[in-house]
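I sat down with this one to see how the chain is put together, starting from its strands. Here are my notes, in the order I looked things up.

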Amino acid sequence: AGVIFFFVAAGAQTLETTGQLRGTWAARQVAGSGPLAQANVLVPGMAAVQPSAATVQAELRSAARLGGAAVNTSITLQHQHPEGGPGQSDAWVNEAALSGSLGGTGASGGGAGSASPGLLDGWSWSAGKKVVSWDVGYAFRPNDVVQQETRRTLSPATLVGRPLLMAEHFSADTAWSLVWVNPTRARNATGADEPALAARVYWRDGAVDWHGFARHGTRTGASVGAAASWVASDALELHASLRHYQRHDALLPGAAAAGTALAFANPWQAGLGGSGQQALVGGTWTNESQVSLLLEAWHDGTAPSASQWRQWTARNQALPVWAARGVPASAVAGNLAWQASAFNVSPSLHRNSLYARLSWTHEAWQPALDVLVHPADGGRMLTASLTWQGDRVKLEGGLRTHGGPATAVLRQLPVQKQGYVTATWA
């Protein structure tokens, strides 16, 4: 990270730097139920759960001109001290990208003073590590096929870009983006690290923004999508997004995951799932007092089905019986710990989700309250937050808790309650 900044600073014709210091305390309450809790009852310490922790981060951003190109970098230095454990320091590059224009105005042969656009006019390029976030949703984004950002994290975090080569074209009402993401990664890389070609087209038609998307990954194949955002009035905005994919990365349950017998290895293995759809509809209403209500509903075909979760729950209930039959506790606890693999099958726990967020912006303050609901099992996640924004100082805090029936998937997660406080100085 320091080497990148050194070369930018040494060769820059102009250089601007900004930065911030951020301190966060995150408190987490471990769940008393669920497969990891059951595993730790049988064998204490069998399944590690993320502890409470204090984190200090320093971020340095620079913008420089090198000839006709621009260089933008963002670097994070971090020290984290988990509760009951040793501290750890780390550093990484969030963004380091070179960008410029591809063409200028070309002269035609039509006589003095006449000119026509060049073939490359309006095109720009970027190369390096960069954040490229697409789509129109808030809580879920089916067509965020480059960045693949984790949405609705509890505490604030700076996004880490993806290695890419990108060409873009802009006009008054349209924009085209062509991206080769992860060009240096192995062809069998999974998730957001998968090498892929992606494209987006944007068109503004009065009060409606239209988006089209396409992607082809080396493992997951092709996907196509579309999205729209309509500003219906001064107070109301409506949006929708749809994506169809050929294949998707997933953790697939083996035969043992559907039964009650003990397994000798983790039955959940990385593999490719089949075709399906992701879709979202939503809208935002905001009044003159800056009270805002956001409602969204989505379907995620990559998530486990309701029947798969019922089989998973039945296995959770049956596994502890083996310990009463004299089977070594470590074998039973290991099988219970493997059950937590199901939480990582998809960004969405359930295929269908409902979301609502109420917020109010009043001078420097912004309180917010949101709820995520899974209709399939009645699980719900409640989050409350409060932000104060000054000229250079920003203070934030929030609490999150899971509720619903005892059998709801959200009630089985290893952390049931968590909160944070953050102070940022820019």
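**Entry 1: pairing, and one hairpin after another.** Before I start on the strands: I call two strands paired if DSSP finds at least two bridges between them. This is a predicted model, so I read everything below as computed. I first looked up Ala-199 and found that it stands opposite Ala-214 in E11. The two strands involved are E10 (residues 196-205) and E11 (residues 208-217), which run antiparallel and are joined by ten bridges. They make a hairpin with two residues between the strands. In that turn I noted Gly-206, whose phi is positive, about 65 degrees.

I then followed E11 onward. It also pairs with strand E12 (residues 221-231), again antiparallel, over ten bridges. This second hairpin has three residues between its strands. As a marker for this pair I wrote down Asp-209, which stands opposite Ser-229 in E12.

**Entry 2: another alanine.** Next I looked up Ala-356, which sits in strand E18 (residues 352-360). How far is Ala-356 from Ala-199 in sequence and in space? I get 157 residues along the chain and 30 Å from C-alpha to C-alpha. Leaving out residues up to four places away in sequence, Ala-356 touches Leu-294, Leu-295, Leu-369, Asp-370 and Val-371.

**Entry 3: a greasy patch.** One of those contacts, Leu-295, turned up again when I checked the surface. It belongs to a nonpolar patch of about 600 Å², together with Trp-230, Leu-236, Leu-238, Trp-285, Leu-293 and Leu-358. Strands E13 (236-245) and E17 (291-300) are the elements that give two or more residues to the patch. I checked Leu-236, which lies in strand E13: is it buried or partly exposed? Its relative accessible area is 31%, so Leu-236 counts as partly exposed.

**Entry 4: a helix with cover.** I turned to helix H4 (residues 329-339), where the buried residues are Val-332, Ala-333, Gly-334, Asn-335, Leu-336, Ala-337 and Gln-339. Their cover includes helix H2 (35-42), strand E15 (268-273) and helix H3 (306-324).

**Entry 5: stepping back.** I counted elements last: four helices and 22 strands in the protein chain. Of its 426 residues, 39% are buried. The C-alpha trace spans about 95 × 50 × 45 Å along its principal axes. The radius of gyration is 25 Å, which agrees with the value near 22 Å for a compact globule of 426 residues. The accessible surface comes to about 21,400 Å², with 61% of it belonging to carbon and sulfur atoms.

How values were computed. Residues are numbered from 1 along each chain as its sequence is written. This is a predicted model: local features need pLDDT of at least 70, side-chain atom pairs count only at pLDDT 80 or more; totals for chains, interfaces and linings use all residues. Side-chain values use heavy atoms; hydrogens and water are left out. Patches are made of residues with over 30% relative accessible area and no salt bridge: like charges are joined within 9 Å, nonpolar side chains (Val, Leu, Ile, Met, Phe, Trp, Tyr) within 5 Å. Accessible areas come from the Shrake-Rupley method with a 1.4 Å probe; for residues, only the protein chains shown count as cover. A salt bridge is a side-chain nitrogen of Lys or Arg within 4 Å of a carboxyl oxygen of Asp or Glu. Buried means under 20% relative accessible area, exposed over 50%, partly exposed in between (1.4 Å probe, protein chains only). The radius of gyration is taken over C-alpha atoms; the globule rule is 2.2 Å times the number of residues to the power 0.38. Contact means heavy atoms within 4.5 Å.
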